[in-house]
Amino acid sequence: MNLLQGKTAIVTGAARGIGEAVALKFAAHGCNVAFTYISDSSKEKAEALEQKLIALGVKAKAYQSNAANFAACESFVNDVLKEFGNVDICVNNAGISKDNLLLRMTPEQWNEVINVNLNSVFYMTKQVIKPMMKARTGSIINMSSIIGEIGNAGQSSYAASKAGVIGFTKSVAKELGSRNIRCNAIAPGFVETDMTSYLKDGEGADKYKAGIPLGRFASAEDIANVTLFLASDLSSYVTGQTISACGGLNI
Ligand code: NAI
């Protein structure tokens, strides 16, 4: 079943990890994908992903663009509109963590995390709602985190940024619901990506897994499946929600 046939999606930070899995999942469901990557070192991976997506029979393009820069987001979305004609779905996925205990955290470290994880969501959403309002349809999906809901020692900046994403998501849902634009967040638990590579194996990983009812970390594809649901018409009456995809860690 092609749940997103003929639609166009933007995915930020998709050269690897959850973003890459989302791009592949969307393309497998017939969706054209415009995605961003930030660093020169990701260029090769981004180009390889672009080719993989095209091989799935959709239109796809990689853009080097910083989601944490307002002007860059504006020109990226304008370029996408020129190239693809419309934007039906926006997945605000780009994110970083710079963990540190509060006593040691500098304002620069704090601001960097807020800028990449929270300001970027505002920057991108502000751009994509214009074409979505015109088309009177749209689905915006923001990658939050379980940490935004429960907090974590050493992750105050990350938790604050991801909690901010949830408040923003609810406000956008209220502001734009009447225009048929939906906005939802996903709160993953531990996902096996580069971001959590420190958890990969050994005793530490076993300890974390023991606290997860499903007994395992998520794959990027587990999260991509939830993203697909929120992007598609299967969730046509769902907005302003935060879907936990954490293996039951929050219960
Ligand atoms: P990752 O580190 O593997 O991928 C993040 C991607 O975002 C990277 O490709 C990176 O280059 C890109 N990126 C970073 N800053 C950017 C910017 N300013 N502009 C454009 N791209 C930028 O991480 P992962 O795990 O795939 O995370 C994706 C999202 O999911 C993030 O928002 C993260 O906070 C969130 N998340 C991840 C969890 C996990 O356990 N891995 C758990 C909960 C949420």
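Mentor: A polar contact is a pair of N or O atoms within 3.5 Å; within protein, one must be able to donate a hydrogen and the other to accept it, and residues adjacent in sequence count only if both atoms are side-chain atoms. This is a predicted model, in which local features need pLDDT of at least 70, side-chain atom pairs count only at pLDDT 80 or more, and totals for chains, interfaces and linings use all residues. Residues are numbered from 1 along each chain as its sequence is written, and side-chain values use heavy atoms, with hydrogens and water left out.

Trainee: What makes the pair formed by Arg 16 and the ligand a polar contact?

Mentor: A polar side-chain atom of Arg 16 lies 2.6 Å from an oxygen atom of the ligand. That value is within 3.5 Å, so the pair is a polar contact.

Trainee: Which distances do Asn 93 and Lys 162 show to an oxygen atom of the ligand?

Mentor: For Asn 93, a polar backbone atom is 2.7 Å from a ligand oxygen; for Lys 162, an N or O atom of the side chain is 2.9 Å from one. Both values are within 3.5 Å, and therefore both pairs are polar contacts. The protein covers 95% of the 830 Å² of accessible area that the ligand has on its own (Shrake-Rupley method, 1.4 Å probe).

Trainee: How many residues surround the ligand, and which are the closest?

Mentor: There are 27, with Arg 16, Asn 66, Asn 93, Tyr 158 and Thr 193 the closest; a residue is near if one of its heavy atoms lies within 4 Å. By class, this shell has 13 nonpolar, 11 polar and three charged residues. Arg counts as charged, Tyr as nonpolar, and Asn and Thr as polar.

Trainee: Where does the ligand sit?

Mentor: The ligand takes the space of the largest pocket; to sit there, more than half of its atoms must lie within 2 Å of the pocket's grid points. Two elements, α1 (17-28) and α6 (156-176), each give two or more residues to the shell; helices are DSSP runs (H or I) of at least four residues, and strands (E) of at least two.

Trainee: Why is one space called a pocket and another a cavity?

Mentor: On a 1 Å grid over the protein atoms alone, a cavity holds points where a 1.4 Å probe fits but cannot get out, whereas a pocket is an open set with protein on both sides within 12 Å along at least five of seven lines; lining residues have an atom within 4 Å of a point.

Trainee: What is the volume of the largest pocket, and which element gives the most to its lining?

Mentor: The volume is about 950 Å³, the space filled by probe spheres set on the points. Its lining has 43 residues, and α1 gives the most, with three.

Trainee: How many cavities of 30 Å³ or more does the structure hold?

Mentor: It holds one, with about 50 Å³ of space. Phe 190, Thr 193 and Lys 200 are among its lining residues.
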